[in-house]
Amino acid sequence: MSASSSWTGTSACCDQTPARPARYRADVTSPRGTLAGQLAAMGFADTARAQQLVTELELGAGPSRGADSSVLQALAAAADPDLALAALARMTPDAKLRAALRADRVLRDRLVTVLGASTALADHLARHRADWRLLAESAPFPAAGPSDDADPVTQLRVDYRRRLLQLAAVDLTGEYALDDVMAGLADAASAALEAALAIARGEQPADAAAGRLAVIAMGKCGARELNYASDVDVIFVAGSAEPGALKAATALASRMIRICSQSTPEGPLFPVDPNLRPEGRDGPLARTVASHLAYYERWASTWEFQALLKARFVAGDPELGAEYIAAIAPLVWQAAEREGFVADVQAMRRRVVASLPADQAGRELKLGPGGLRDIEFAVQLLQLVHGRGDDSLRQRGTLPALAALAAGGYVGRADAAAMGAAYRFLRGVEHLVQLRQLRRTHLLPEDPAALREIGRALRRMRLDSAAPAAVAGPATPSALPPGDPAAELAAQWRLHASQARQLHEKLFYRPLLEAVARLPGDAVRLTSAAARDRLEALGYADPAGALRHIEALTSGMSRTAAMQRTQLPVLLGWLADAPEPDAGLLAFRQVSEALGNSPWYLRLLRDNAVVAQRMARLLASSRYATGLLLRAPEAVAMLGDDAQLAARSAAELHAEASAAVGRADKPANATAAVLAIRRRELLRTAAADLLGLAGIEATGVALTTVSRVTIAATLAAVVAEAERTAGPLPTRLAIIAMGRFGGREMGYASDADVLFVHDPLPGATDEAATRAAHAVAENVRALLSKPGLDPPLPLDAGLRPEGRQGPLVRTLASYQAYYRRWSVPWEAQALLRAEYAAGDAGVGAAFIAIADEVRYPDGGIGSAAVREIRRIKARIEAERMPRGIEPALHLKLGPGGLADVEWVAQLLQLRHAMSMPELRTTQTPATLAAASKAGLIGAADTETLLAAWLLASRIRDAVMLARGRPSDTLPTSPTELAVVARILGYPPDGAQDLTEDWRRSARQARAVMERLFYG
């Protein structure tokens, strides 16, 4: 066999004649009536011309033409029936072809389908009329056609067209899946390159220097995903740098390119494009392996490594080709470590889209938004970033790579399936667009007739290798799906392009990619020997323990383990950026094990880097937040959206809590359900706090709101149960918020200071009413303070009249009588923060009216009361400060602490609120602001007091978040202090800065307090 035809030997996708498909059915009878009418009904556009050709070809329908009517039916089912009929006429069928068309359904289906879709292949069959035999069922597939031209260059084109003819036939009839057709086209091109190289070598003079040459296919040919009319991108590798050998190799490469592109009576073969070589058009055509390496190591751009993903040896010296592939592979899989790699690839894709003409962007199958390039770029970027540590991703083809990404958990299965379907659809349409003239184009036609033809042809193609052909058996008009094929095509195009674009944006711009790309190469594989050193370098105190957690999360072959292997390298860095990475990793393992069977969890972390990064910060910063999350790990989903972390309104929480109470069968279960809601809201608030999305005042309001809702819902459940068992309550009960609860300034560790007040119903005795109210109050306190899975909410009634010695519950009349006769200054001071919280709103409003008389007395409190308040303050400082604690570090009672600021504000209220209504607020910052506006204190003093109060409040909350247990002192342990400082936004070495900031702020506040309070 000559060198020009030796390339037609074998093909990986088409290595034997397919068995006759069982899907072929008996002929369909032609419609009755005149021939012209039948042709019009069958879809021929030019019925006069069709009637003439049918008559000439003796294909008239009717009972006497039963055999030939099947040919007519096949013609009518072609993408373009008129084109198919005209092309068949140009072939001037002889008796053998006529007989074969009648007898061989496979031949008839393949031939007519090709003739109706490709003018270029019809031209080939008109020139080479015997080539129809290549499509017969009994013909070898693929098969070498007879050598009918002495010119090897022309014969190469004939043989190549014959291969395309066979591939197009099984493609258009749905006998072969698109994946196999693309691979067959690439193999055909590779064989043609080998044949062209052989021709070029045969043309060399006998005394020419021997030059080893390897041809490396790039792009779609390298990936074995070639289309019908495409440039074939190549790189030439020379075997020696010796001038004579290098010159010979370059001459061979140059001649091979000309052989493929030169004009012949059979037209060109295909353009060979060597411009992906180092330095592009300006670089030498052929280089040695060493020269290629030197360029890639020093000068190559990011896009060049992306292109090398698809490099595959196809022709020439196989040993040299293997040497080249082995040499460049490590460079390809290190490319993602280059500075700005991900951003470079993303910017390149944006430039391509921006360069498209506006009138073409919506029709561009390849480069337009939602086109093939969107899919290819997203897949390639994911490969290059994650393929460093996962050999399974080192695939040349887009579809195999996408399957590997899905199998490894880097892409969701549904996303991979949608992207794969879009890719196959776009490639199928691209095939049909190019087949018409075998010209390189990626534009969807605008002509409605052309769109209908593409739509009709597409219905029969098998785009998915896992699915059967869309139409079973030889197509007939009745067998094709109903509806307008052009409209169907347009709808599919919109769907797939939209999905491809959305997935491209989701995957291509995934923040996790940049984080993974920035990792050192040895950190991508968590099982590498360098893992322990990396953990130590990151700041893990117990690398051995961290490795055990990592092994537990990543061992095995499950998809979950694979996804953990993908995400943990980045997550380890994020955990290390937080104060306690070891505790964070342990907590991450606990959360992952708790949610291990939840399909959404790892997918959420993979697809939403914001969630993963925020989760790492929470787990490695806050034992309090970690404890809440471990009780309900599914709450991790809220971390991805700032709106989900915003505090919910009281009305929303009341509605949810009321519904939970309504579903419960007894108060204990109702309280458990309400406390679970509170736990979720505590986590929401803590997350927003830790992530810097909420300030200390907003945090206090959120914690107060959820506490009020919790108490109100529990009270409602207890009252409902009491009335079910003993009838209507003889009294109306309300709960009054006091202290920081009443001031809407609660912290994570705050109890709820309350007063219980009731008002007997008409006809009820005080004794019976008080007994019932007391039972309800005690039950509410017991239920809310009972230890359980969720944090309890203790109710502290110590601020009631007579303190803990007095009755837990009093009537409105009793409170009024007590305050008018027996109250002391500190009780008026305590009432400054009284606010209705839960229960009967009328009773609550009546109590607040009583409180107003006490806390806002006419003319303000007298000098004796002022002296008493000052005495009490001094006594508290002397007696209540815990022993062994440096007073300057006590955030509440220490100099310049919370008590200093609050007592200044409250004294101003007691003295001036009656005449200045703007001072009538339960909140400390609002009181200071109003006093400053009224001129009672200077702006500088206000700022000093407020700064100290806010810092003390923030530190107290941060201590609770960090330790998971409360404390009123600034930590002295360097480790705890460092964690608290990091929570408050200080740098890793800023712990002492926090201490100094507090000392300075407290010292300044104390000076202001002594001047204003003690006067």
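Me: What makes up the lining of the second largest cavity, by class?

Reply: Nine nonpolar, one polar and three charged residues. Keep in mind that this is a predicted model.

Me: Which of those lining residues lie nearest the centre, and how do you know their class?

Reply: Out of 13 lining residues, Ala-77, Ala-78, Ala-79, Thr-113 and Arg-460 lie nearest the centre. Ala counts as nonpolar and Arg as charged, so Ala-77, Ala-78 and Ala-79 go in the nonpolar group and Arg-460 in the charged one. Thr is on neither of those two lists, so Thr-113 is polar.

Me: Which elements give two or more residues to that lining?

Reply: α6 (105–115) and α19 (448–458) do. α6 gives the most, with three residues.

Me: What makes this space a cavity rather than a pocket?

Reply: A 1.4 Å probe fits in a cavity but cannot get out, whereas a pocket is open. The volume here is about 110 Å³, and the search of the whole structure, which takes in cavities of 30 Å³ or more, finds nine.

Me: OK, pockets then. How much space lies in the largest pocket, and what lines it?

Reply: About 1,400 Å³. It has 46 lining residues, and Gly-739, Asp-753, Leu-799, Arg-880 and Lys-892 are the closest to its centre. The elements giving two or more residues are α33 (696–726), α34 (739–742), α37 (825–831), α39 (863–879), α40 (898–912) and α42 (939–963). By class, that lining has 18 nonpolar, ten polar and 18 charged residues.

Me: And what is the volume of the second largest pocket?

Reply: About 760 Å³. Of its 27 lining residues, Gly-219, Asp-233, Leu-276, Lys-366 and Arg-373 are the closest to the centre. α10 (219–223), β2 (232–238), α13 (302–308), α15 (341–354) and α16 (372–386) each give two or more residues, and α16 gives the most, with four. The lining divides into eleven nonpolar, seven polar and nine charged residues.

Me: Why is Gly-219 in that lining called polar?

Reply: Gly is counted among the polar residues, so Gly-219 goes there.

Me: How many disulfides does the structure hold?

Reply: Zero. A disulfide needs two cysteine sulfur atoms within 2.5 Å, so no pair in this model meets that cut-off.

Me: Are Cys-221 and Cys-260 buried or exposed?

Reply: Buried means under 20% relative accessible area. Cys-221 is at 1%, so it counts as buried, and Cys-260, at 0%, does too.

Me: How many aromatic pairs are there, and why is Tyr-295 with Tyr-296 given the type it has?

Reply: The count comes to ten. The rings of Tyr-295 and Tyr-296 are 5.6 Å apart, centre to centre, with 70 degrees between the planes. The limits are within 6.5 Å for a pair and over 60 degrees for edge-to-face, so edge-to-face it is.

Me: What type is the pair of Tyr-296 and Phe-305?

Reply: Tilted, at 6.1 Å centre to centre and 50 degrees between the planes. Stacked needs under 30 degrees and edge-to-face over 60, so 50 falls in the tilted group. Tyr-296 and Phe-305 are both buried; Tyr-296 has a relative accessible area of 2%, and Tyr-295, at 11%, is buried as well.

Me: Which residues do ring pairs link into a cluster?

Reply: Tyr-815, Tyr-818, Tyr-819 and Phe-847.

Me: How do you know that Arg-810 lies over the face of Tyr-818?

Reply: Arg-810 is 5.3 Å from the ring centre. The distance limit is within 6 Å, so Arg-810 passes that part of the test.

Methods:
Residues are numbered from 1 along each chain as its sequence is written. This is a predicted model: local features need pLDDT of at least 70, side-chain atom pairs count only at pLDDT 80 or more; totals for chains, interfaces and linings use all residues. Side-chain values use heavy atoms; hydrogens and water are left out. On a 1 Å grid over the protein atoms alone, a cavity is a set of points where a 1.4 Å probe fits but cannot get out, and a pocket is an open set with protein on both sides within 12 Å along at least five of seven lines; lining residues have an atom within 4 Å of a point. Grid points are joined across faces, edges and corners, and a volume is the space filled by probe spheres set on the points. Buried means under 20% relative accessible area, exposed over 50%, partly exposed in between (1.4 Å probe, protein chains only). Rings of Phe, Tyr and Trp (its six-membered ring) pair if their centres lie within 6.5 Å; planes under 30 degrees apart count as stacked, over 60 as edge-to-face and the rest as tilted. A charge sits over a ring if NZ of Lys or CZ of Arg is within 6 Å of the ring centre and within 35 degrees of the ring normal.
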